[in-house]
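The following paragraphs lead through the interior, the charged pairs and one surface feature of the model shown below.

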Amino acid sequence: MTDEAGQEAKGRTDPRAAFYRAHHAKLVGYIRRRVGDQGEAEALAQETWIAFLRRFDYYQQVYDNPVGPLFAIARRKIADWHKRQQKAPDLLGDDGLSERLAQIAQDRADPIGLAGLRLDLSRAVTRLTPRQREALQLRYVDGLDRRAVADLMGITIDGVKKLTSTAVRTLHTAQDLTAYPPPTTTSRTHREVRK
């Protein structure tokens with residue numbers, strides 16, 4: 001086996017490399033939605049990985065799923081970035097949340113209907129509490145599992161379930177959304193929230 005092939009094989013079996021490959025794109029997306037710039041997001045992601053990988057063995061031993069600490073580090077890096085930029089962080093990206101919820105809720109590819117649903121969801125989402133919006137954002141926009149959301153928000157998995165189910169119930173009963181048919185029970189979001 002050549003030295004290059006040996007290095008490549010080691011990269012496939014190295015748990016650090018596998019963890020990086022599995023979570024890098026999601027991490028960059030998470031940061032980009034909060035800083036608004038792809039280049040800055042990539043730079044902050046690299047800072048996050050450096051800090052995380054220094055203690056990778058510890059996180060593997062202490063956490064069932066070390067995604068939580070990874071995103072907690074990213075959250076600190078984002079806060080530091082906002083301080084350096086001397087700008088206040090935006091409240092959660094309600095537009096991104098509304099768009100993602102609209103895509104999940106819409107059964108057919110109707111661009112006009114989707115645009116209307118997106119606008120109405122934007123109005124409805126602003127009525128959720130900041131914690132409910134954060135839980136929905138982390139779960140459905142950032143795509144984190146409940147354990148990672150719980151770790152980031154400092155609550156239990158049951159707390160995440162409660163926040164998301166209350167938020168979804170609030171959206172189902174929102175005045176802005178009464179013109180839309182209720183989601184079917186087979187929709188992914190509805191099934192996941194009930195779990």
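Helices are here DSSP runs of H or I with at least four residues, numbered from the N terminus. In this predicted model, R147 and D151 stand 4 residues apart in helix 9, so about one helical turn separates them. Their side chains form a salt bridge, with the closest N and O atoms 3.4 Å apart. R147 is partly exposed at 32% relative accessibility, and D151 is partly exposed at 28%.

By the rule applied, the count of salt bridges is 6. R33 and D142 form one with an N to O distance of 2.5 Å. Because R33 belongs to helix 2 and D142 to the loop between helix 8 and helix 9, this pair ties together parts 109 residues apart in sequence. R34 also forms a salt bridge with D142, at 2.9 Å between the closest N and O atoms. Shared partners thus join R33, R34 and D142 into one network. Within this network, R33 is partly exposed, at 32% relative accessibility, whereas R34 and D142 are both buried.

In soluble globular proteins, nonpolar side chains tend to be buried together. The largest nonpolar core here holds 30 residues, of which L27, Y30, I31, F52, F71 and L144 touch the most other members. Helix 5 gives the largest share of this core, 7 residues. Leaving aside residues up to four places away in sequence, I31 touches A41, L44, A45, T48, A74 and I78. A second, separate core of 9 residues includes L128, L136, A167 and A174.

At the surface, Y58, V62 and Y63 make a nonpolar patch of about 260 Å². V62 lies in helix 4 and is partly exposed, with a relative accessible area of 45%.

Methods
Residues are numbered from 1 along each chain as its sequence is written. This is a predicted model: local features need pLDDT of at least 70, side-chain atom pairs count only at pLDDT 80 or more; totals for chains, interfaces and linings use all residues. Side-chain values use heavy atoms; hydrogens and water are left out. Patches are made of residues with over 30% relative accessible area and no salt bridge: like charges are joined within 9 Å, nonpolar side chains (Val, Leu, Ile, Met, Phe, Trp, Tyr) within 5 Å. Accessible areas come from the Shrake-Rupley method with a 1.4 Å probe; for residues, only the protein chains shown count as cover. A salt bridge is a side-chain nitrogen of Lys or Arg within 4 Å of a carboxyl oxygen of Asp or Glu. Helices (H or I, at least four residues) and strands (E, at least two) are DSSP runs, numbered from the N terminus. Buried means under 20% relative accessible area, exposed over 50%, partly exposed in between (1.4 Å probe, protein chains only). A nonpolar core is a set of buried Ala, Val, Leu, Ile, Met, Phe, Trp, Tyr and Cys residues joined through side-chain atoms within 4.5 Å. Contact means heavy atoms within 4.5 Å.
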